[in-house]
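Okay, thanks for making time, everyone. I'd like to walk you through one small set of coordinates, so please have a look at the screen.

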Amino acid sequence: RAIGASEVDEAGRFDVRGMPAGDRYLAVAVDGAARSVLAQPEMLQALRPLATPLRIDDGGMHELALTAVPRPRP
């Protein structure tokens, strides 16, 4: 599995690079959570139903509108 994370910039945009191509990704914006917390298996499981499916093609760029969710308490 691959996990990518990014901070949101002043314009509300984020950029995650280096993810391998595939169609099994989920994207979610979480308000107020450290990367180390988000990578924990129980946190990933709690975020799964809140995430948006995403397919990444080789060399692809995507625009994806996400609404931040509060950090779940697994």
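Let's start with the overall picture: what radius of gyration does the protein have, and what would a compact globule with 74 residues have? A compact globule of 74 residues would come out near 11 Å, and the protein has 12 Å, which agrees. Keep in mind that this is a predicted model. If you lay the C-alpha trace along its principal axes, the span is about 35 × 30 × 20 Å.

What's in there, then? The protein has two helices and four strands. Reading from the N terminus, the order is β-β-α-α-β-β. For contacts between residues at least 6 apart in sequence, 63% join residues at least 24 apart.

Now, inside and outside. Buried residues account for 14% of the 74 residues. The exposed area is about 5,900 Å², and carbon and sulfur atoms supply 48% of that.

Which residues make up the largest nonpolar core? There are five of them: Val30, Val37, Met43, Leu47 and Val69. Take valine 69 as a way in. Leaving out its neighbours within four places in sequence, valine 69 is in contact with Val28, Ala29, Val30, Asp31, Leu47 and Leu50. So that list has core members in it, including Val30 and Leu47.

There's nonpolar material on the surface as well. Val8, Phe14 and Val16 form a patch there, with about 250 Å² of accessible area together. Valine 16 sits in the segment before strand 1. Is valine 16 buried or exposed, or in between? Its relative accessible area is 34%, and because the partly exposed range runs from 20% to 50%, valine 16 counts as partly exposed.

On to the charges. Side chains of opposite charge can pair when their charged atoms come close. How many salt bridges do we count here? The count is three.

One of them pairs arginine 17 with aspartate 15, with the closest N and O atoms 3.0 Å apart. The two partners differ in how they're covered: arginine 17 is exposed at 71% relative accessibility, while aspartate 15 is partly exposed at 41%.

Then there's arginine 55, which pairs with aspartate 23 at 3.6 Å, N to O. Where are those two in the chain? Arginine 55 is in strand 3, residues 52-56, and aspartate 23 is in strand 1, residues 22-27, so this pair links distant parts of the chain, 32 residues apart. Arginine 55 also forms a salt bridge with aspartate 57, at 3.0 Å, N to O. For accessibility, arginine 55 is partly exposed at 47%, and aspartate 57 is partly exposed at 37%. Through shared partners, Asp23, Arg55 and Asp57 join into one network.

One more arginine before I stop. Arginine 48 is in the loop between helix 2, residues 41-47, and strand 3. Why do we call arginine 48 exposed? Because its relative accessibility is 53%, and the cut-off for exposed is over 50%. Arginine 48 and alanine 27 are 21 residues apart in sequence, and their C-alpha atoms are 8.9 Å apart in space.

To recap what I'd keep from today: a five-residue nonpolar core that includes Val69, a surface patch of Val8, Phe14 and Val16, and a charged network of Asp23, Arg55 and Asp57. That's it from me.

How values were computed: Residues numbered from 1 in each chain as written. Predicted model: local features only at pLDDT ≥ 70, side-chain atom pairs only at ≥ 80, totals over all residues. Heavy atoms only, no water. Salt bridge = Lys/Arg side-chain N within 4 Å of Asp/Glu carboxyl O. Buried < 20%, exposed > 50% of the residue type's maximum accessible area, 1.4 Å probe, protein only. Core = buried A, V, L, I, M, F, W, Y, C linked by side-chain atoms within 4.5 Å. Contact = heavy atoms within 4.5 Å. Patch = residues over 30% accessible without salt bridge, like charges linked within 9 Å, V, L, I, M, F, W, Y side chains within 5 Å. Areas by Shrake-Rupley, 256 points an atom, 1.4 Å probe, with all protein chains shown as cover. Rg over C-alpha atoms; globule rule 2.2 N^0.38 Å.
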